[in-house]
Every structure is written in C-alpha cells, then in structure tokens.
Amino acid sequence: MINGITVIYKEAGFTSHDVVAKMRGICGQKKIGHTGTLDPMATGVLPVCLGNATRLCDMLADRDKEYAAELLLGVETDTQDTTGRILAEHPVEATEAQVREAALSFMGDYNQVPPMYSALKVNGKKLYELARAGKEVERKARPVVIRELEILECALPLVRFRVVCSKGTYIRTLCADIGGKLGCGGAMGRLERSRVGDFCLENAYTLGQMQQLKDENRLQEAVLPVDSVFTRCPLLHMQEEYRSLADNGNAFRAEQTREKEIHAPGRWVRVYMPDESFAGIYAWEPERERYKPVKMFLEKA
C-alpha cells in the first residue's frame with residue numbers, strides 16, 4: 001500500500017470524489033481520501049491522502065487556502081456562479097475605485113451565509129439536494145476570515161482577484177456579497193485554487209500525469225511522506241528501551257526521548273522511532289507531565 005500525500009491538479013468537470021475514484025484505480029488501493037472539496041467547475045490544488053495518510057484529512061482541511069477568482073458583476077444566479085440559472089441582471093454603474101473599496105471591505109473577520117448549492121447539511125439533508133428540489137431554507141452565518149484580497153484586474157463588469165482565506169469560505173458567496181454591496185449583484189466565473197497550506201500548484205500533478213507515472217513505475221515520485229506536513233513542529237526521538245510506548249500509541253515522559261525536552265503545552269511535536277520512522281504527532285500535557293498522542297501514523301506490517 002502507498003502511504004503519503006500527493007497533490008493533484010483538479011481539472012474542470014471533475015468532482016473531488018471523481019478524483020479520489022480515479023486515484024484508487026491508478027494506485028490500486030481503496031484507502032484514499034481528499035482534503036477539501038472543489039466545485040466541479042473549479043480547478044487547482046487538491047491534496048489527496050493515500051494509505052495511513054488518510055488520517056491527515058481532517059488536519060489538512062483546517063489549512064488556509066489561496067484562490068484566483070473571476071467575479072462577473074451585474075448578474076445574480078441561483079448557484080452564485082455563472083453555471084447557474086440567472087435570477088436577475090442589473091446595470092453596473094460602479095467605478096473601479098468603488099469595486100476595490102467594496103471588495104476590500106470584506107478583509108478580516110466576515111460572517112458568511114453558506115450558499116444553498118453546497119454540501120452542508122440542515123436537518124440531515126444536504127443543502128444542494130434541497131436547492132435542486134426548489135426549496136430554500138434559512139442558513140446561519142458562519143465566521144470566516146479573509147486574510148488577503150488583491151484585485152488583479154478590473155475590466156468591468158469583470159473583476160479578477162486573488163484571495164487567501166480560512167477554511168469554510170465560499171468564494172462564490174464572497175463574489176455574490178461583493179456584488180450585493182455594490183447594488184448590482186455578482187456571480188463567480190472561473191476559480192482556481194493555487195494553494196492549500198504549503199501545497200502549491202508548482203507541486204501538483206494532473207490525473208493524466210499520475211497515470212503516466214504509474215505506467216512508468218515511478219508513482220512514488222509524486223508521493224510526499226506523511227511527516228512532510230509537520231516540518232514546522234519540533235521533533236523528538238524515542239529511546240530504544242521505550243519504543244514500545246510510541247509503537248502502541250501510548251503517552252510517554254520527556255526523559256524517555258533522546259532529546260528530553262519539554263515543549264509548550266498543547267504544541268504539536270513530531271515523534272520518531274529510534275530507526276527514524278515517523279510514529280506520529282504528540283502534545284505536552286503539563287497536568288500529567290507527559291506527551292500524549294494527537295494522531296499516530298506508524299506503518300504496521
């Protein structure tokens with residue numbers, strides 16, 4: 001079984017689940033998952049976890065994301081993007097300066113109402129299923145953060161921008177909200193995700209390239225080790241006589257490691273076995289004076 005992370009460049013027309021299904025065929029294994037849904041029309045970075053790296057999926061979903069997006073002003077659609085049914089059209093009378101001011105007003109903390117065409121659930125039903133049935137339900141606004149927003153081109157009614165945002169941010173909704181603030185409506189055109197955490201376009205492979213690597217027996221070249229995600233975390237090595245503690249996913253004391261260091265409470269540390277194999281992520285628990293496991297990644301035979 002292949003264990004690790006590969007960065008896929010999702011092409012337009014594929015769902016994130018399509019990518020996982022194709023990767024299962026390429027890798028010849030079922031244990032594969034993705035780390036954050038991209039709409040079928042969107043393109044860009046989709047980290048895919050293989051084997052024991054599927055335990056990373058929830059951790060990677062929390063990472064900031066960067067996008068390049070197009071906003072078409074003067075139109076409102078039911079999906080908040082240009083693939084949807086047009087609900088209204090308005091003249092665009094805003095100036096470039098007003099567009100920039102409206103867009104930048106969303107910088108920082110922002111309470112965003114999720115779109116009806118999304119996979120979020122209300123009373124056990126996915127919103128997009130309700131939307132397709134012609135139903136609309138009340139959605140609670142959720143806090144998101146727009147960390148960076150840069151206007152790249154303003155050729156009205158088309159606006160191209162780059163945005164860095166927290167998890168859970170819908171760029172479609174951001175586009176609609178900018179258009180709403182300008183009084184003319186707006187819908188998202190193209191969308192490309194350029195980064196998820198430290199995973200960038202430069203390191204991404206298309207599904208076709210992955211198949212070619214498989215055919216050439218070079219698939220491992222596109223797979224990053226699990227611990228590469230945690231390079232900013234301090235590291236500890238188990239002493240040989242205490243290796244069974246980490247081997248069984250148990251807590252241990254600082255003096256049972258080679259480094260004998262105590263790090264800040266709650267801060268993640270990488271823990272390795274004496275042979276340098278990656279055991280997992282731990283955090284210091286001061287109340288009990290020990291490192292406790294956060295998530296284990298040991299490869300078991």
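Which residues does Asn3 touch, not counting residues up to four places away in sequence?

**Figure 1. Surroundings of Asn3 in the predicted model.** Asn3 belongs to the segment that precedes β1 (4-10). Leaving aside residues up to four places away in sequence, Asn3 touches Leu50, Gly51, Asn52, Val223 and Glu299. With Asn52 there is also a polar contact: the side chain of Asn3 reaches the backbone nitrogen of Asn52 at a distance of 2.7 Å.

**Figure 2. Arg172 in helix α5.** The helix spans residues 171-182. Is Arg172 buried or exposed? Its relative accessible area is 4%, and because buried means under 20%, Arg172 counts as buried. The side chain of Arg172 reaches the backbone oxygen of Thr79, with 3.0 Å between the atoms. Ala187 is 15 residues from Arg172 in sequence, and their C-alpha atoms are 6.7 Å apart in space.

**Figure 3. The second largest pocket and its lining.** The space in this pocket amounts to about 440 Å³. It is lined by 23 residues, of which Thr77, Asp78, Gln80, Leu87 and Glu136 are the closest to its centre. Among the elements that each supply at least two lining residues are β5 (75-77) and α5. The helix α5 gives the most to the lining, four residues. By residue class, the lining of the second largest pocket consists of eight nonpolar, eight polar and seven charged residues.

**Figure 4. The largest nonpolar core.** This core has 28 residues. Which of them have the most contacts inside it? They are Phe161, Val163, Ile171 and Leu174. At least two residues of this core come from each of β4 (65-73), α3 (96-104), β10 (142-155), β11 (158-165), α5 and β12 (186-196). The strand β10 gives the most, with five residues. The helix α5 thus appears in two views, as a contributor to this core and to the lining of the second largest pocket. In soluble globular proteins, nonpolar side chains tend to be buried together.

**Figure 5. Contacts of Phe161, and a separate core.** Phe161 is one of the residues with the most contacts inside the largest nonpolar core. Residues up to four places away in sequence again left out, Phe161 touches Tyr67, Ala68, Ala69, Leu71, Leu149, Glu150, Ile151, Leu152, Ile171, Leu174 and Cys175. Apart from the largest nonpolar core lies another core, of 20 residues, including Ile5, Ala53, Met59 and Phe297.

Methods: Residues are numbered from 1 along each chain as its sequence is written. This is a predicted model: local features need pLDDT of at least 70, side-chain atom pairs count only at pLDDT 80 or more; totals for chains, interfaces and linings use all residues. Side-chain values use heavy atoms; hydrogens and water are left out. A polar contact is a pair of N or O atoms within 3.5 Å; within protein, one must be able to donate a hydrogen and the other to accept it, and residues adjacent in sequence count only if both atoms are side-chain atoms. Contact means heavy atoms within 4.5 Å. Buried means under 20% relative accessible area, exposed over 50%, partly exposed in between (1.4 Å probe, protein chains only). On a 1 Å grid over the protein atoms alone, a cavity is a set of points where a 1.4 Å probe fits but cannot get out, and a pocket is an open set with protein on both sides within 12 Å along at least five of seven lines; lining residues have an atom within 4 Å of a point. Grid points are joined across faces, edges and corners, and a volume is the space filled by probe spheres set on the points. Ala, Val, Leu, Ile, Met, Phe, Trp, Tyr, Cys and Pro count as nonpolar, Asp, Glu, Lys and Arg as charged, and the others, Gly among them, as polar. A nonpolar core is a set of buried Ala, Val, Leu, Ile, Met, Phe, Trp, Tyr and Cys residues joined through side-chain atoms within 4.5 Å.
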